[in-house]
Each structure stands twice: as C-alpha cells, then as structure tokens.
Amino acid sequence: MLADGLGHGPEAARASSAAVTALHRWAHLSPAESLRRLHDALRGTRGAAVAVAQLDLSVRRLRFAGIGNVGARLRTGGTWRALLSRPGIVGVHRPGTLREEEADWTDDPLLILHTDGLPSRWTPPSDPGLPRADPAVTAAVTIRDASSPARPVRDDTAVAVLTSTPPEHP
C-alpha cells in the first residue's frame with residue numbers, strides 16, 4: 001500500500017499512518033474491499049490518496065485498486081502498463097464503484113507505486129536491468145529521472161517498488 005495524506009504536516013501524516021495501521025487488519029481482503037474499509041477508518045482525518053496492490057504468488061497474479069492522486073505502473077515481459085486509480089479521497093469522498101485491475105505477475109515483473117509528486121506524464125525507466133536492481137535503487141532512479149531542472153520533484157514525492165527478484169547483498 002502507498003498512502004499520501006491530504007496536504008502537508010502532522011495532520012497529513014496522521015491520515016497516512018491511520019491507513020497503514022488499519023490495513024494490517026485487512027491484508028487478506030481484496031484491494032477494493034480494503035479501500036472500502038479504509039474509507040471508514042480514515043473518517044475524521046484529512047483523508048488520503050491510497051493505492052493497494054496485492055500479490056498472490058501461488059497463482060502469479062497481481063490485484064490493484066486505488067483512490068486519489070496515486071498511480072501505478074506495472075512492467076511485465078518488458079512492457080509497461082498503467083494501473084489507474086479512481087478520483088476521490090479515502091476517508092472523505094469515495095467513488096461509488098471501485099475498479100480493481102488484475103495482471104499476471106510473470107517475466108521479471110516490476111511494480112512502481114507513486115504519489116502525485118511525480119509529474120503526471122513521467123516515463124517509466126527503460127533500463128532492462130531494473131527488475132534485478134535493489135528496489136531502493138529503482139525508486140531513486142525513478143525519482144531522479146522524473147525530475148528536471150525546469151520541474152523538480154516535489155518534497156512530498158513517494159515511490160514504492162515491488163519486484164520478484166530479491167536484491168543481491170554481499
């Protein structure tokens with residue numbers, strides 16, 4: 001899960017932290033159902049943009065749902081695909097229907113979840129070695145490459161990376 005509390009400061013952090021705490025109780029539920037329950041759990045906070053990705057390795061499937069200005073890009077078989085979030089704010093305004101996307105988790109998969117701190121039209125990294133890189137390196141490269149001198153990445157940018165290849169550690 002990636003949660004971005006609305007606004008800045010302690011109240012935004014409180015909303016994000018509430019989402020993380022609540023999701024621990026519902027990790028077994030589908031991403032769409034988790035978002036429905038998170039909506040109720042975040043009432044009384046500023047709310048948050050939230051993306052939930054669930055990986056089932058037994059059938060090699062990824063399920064995804066998101067609400068708000070959070071995005072996801074999935075790379076499988078060398079091709080990138082956007083996973084779309086619905087407009088809204090978890091805890092404040094939930095869409096009537098929650099679309100859940102499914103995708104195969106095969107061929108060196110790489111999932112990048114990101115907040116709206118990245119420019120809306122950023123291009124995912126094209127380096128074929130990224131699925132084998134440490135996820136922290138992939139996140140750093142994503143943030144670096146999405147930035148430019150004319151449009152620096154905002155201070156509230158968050159990037160989370162999931163891959164099936166564990167990083168090499170000496």
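Begin by selecting tryptophan 105, which counts as buried because its relative accessibility is 1%, under the 20% limit used for that word. Keep in mind as you go that the model on your screen is a predicted one. Tryptophan 105 sits in the loop that joins strand E6 (101–104) to strand E7 (110–115). If you now display its surroundings, leaving out residues up to four places away in sequence, you will find that tryptophan 105 touches a list of residues including Leu55, Leu57, Leu62, Leu74 and Leu162, and that Arg60, Arg61, Thr163 and Ser164 are also among them. Add valine 59 to the selection and look at the two C-alpha atoms, which are 8.6 Å apart in space although tryptophan 105 and valine 59 are 46 residues apart in sequence.

Next, move to the largest nonpolar core, which has 16 residues, and select Leu35, Leu38, Leu42, Val50 and Val90, the members that touch the most others in it. Helix H1 (10–23), H2, E2 and strand E3 (61–67) are the elements that each give two or more residues to this core. A second core, separate from this one and made of 13 residues, includes Leu2, Ala49, Ala103 and Leu111. In soluble globular proteins, nonpolar side chains tend to be buried together.

From the first of these cores, centre the view on valine 50, whose contacts, with neighbours within four places in sequence left aside, include Leu35, Leu38 and Val90, as well as Met1, Leu2, Ala65 and Ile67.

Which loop holds threonine 45? Select this residue and follow the chain on either side, and you will see that threonine 45 lies between helix H2 (31–41) and strand E2 (48–56). Threonine 45 counts as buried, because its relative accessibility is 14%. A polar atom of its side chain lies 2.6 Å from the backbone oxygen of leucine 42, and the side chain of threonine 45 also reaches the backbone nitrogen of glycine 47, at 3.0 Å. Beyond residues up to four places away in sequence, threonine 45 touches Arg14, Ala15 and Val92.

For the last stop, turn to the second largest pocket, which holds about 190 Å³ of space. Its lining is made up of 14 residues, and those closest to the centre of the pocket are Asp4, Leu6, Ala49, Asn69 and Asp116. Strand E1 (2–5) and E2 each supply at least two residues of this lining. If you colour the lining of the second largest pocket by class, you should find 4 nonpolar, 6 polar and 4 charged residues.

Technical notes. Residues are numbered from 1 along each chain as its sequence is written. This is a predicted model: local features need pLDDT of at least 70, side-chain atom pairs count only at pLDDT 80 or more; totals for chains, interfaces and linings use all residues. Side-chain values use heavy atoms; hydrogens and water are left out. Helices (H or I, at least four residues) and strands (E, at least two) are DSSP runs, numbered from the N terminus. Buried means under 20% relative accessible area, exposed over 50%, partly exposed in between (1.4 Å probe, protein chains only). A polar contact is a pair of N or O atoms within 3.5 Å; within protein, one must be able to donate a hydrogen and the other to accept it, and residues adjacent in sequence count only if both atoms are side-chain atoms. Contact means heavy atoms within 4.5 Å. On a 1 Å grid over the protein atoms alone, a cavity is a set of points where a 1.4 Å probe fits but cannot get out, and a pocket is an open set with protein on both sides within 12 Å along at least five of seven lines; lining residues have an atom within 4 Å of a point. Grid points are joined across faces, edges and corners, and a volume is the space filled by probe spheres set on the points. Ala, Val, Leu, Ile, Met, Phe, Trp, Tyr, Cys and Pro count as nonpolar, Asp, Glu, Lys and Arg as charged, and the others, Gly among them, as polar. A nonpolar core is a set of buried Ala, Val, Leu, Ile, Met, Phe, Trp, Tyr and Cys residues joined through side-chain atoms within 4.5 Å.
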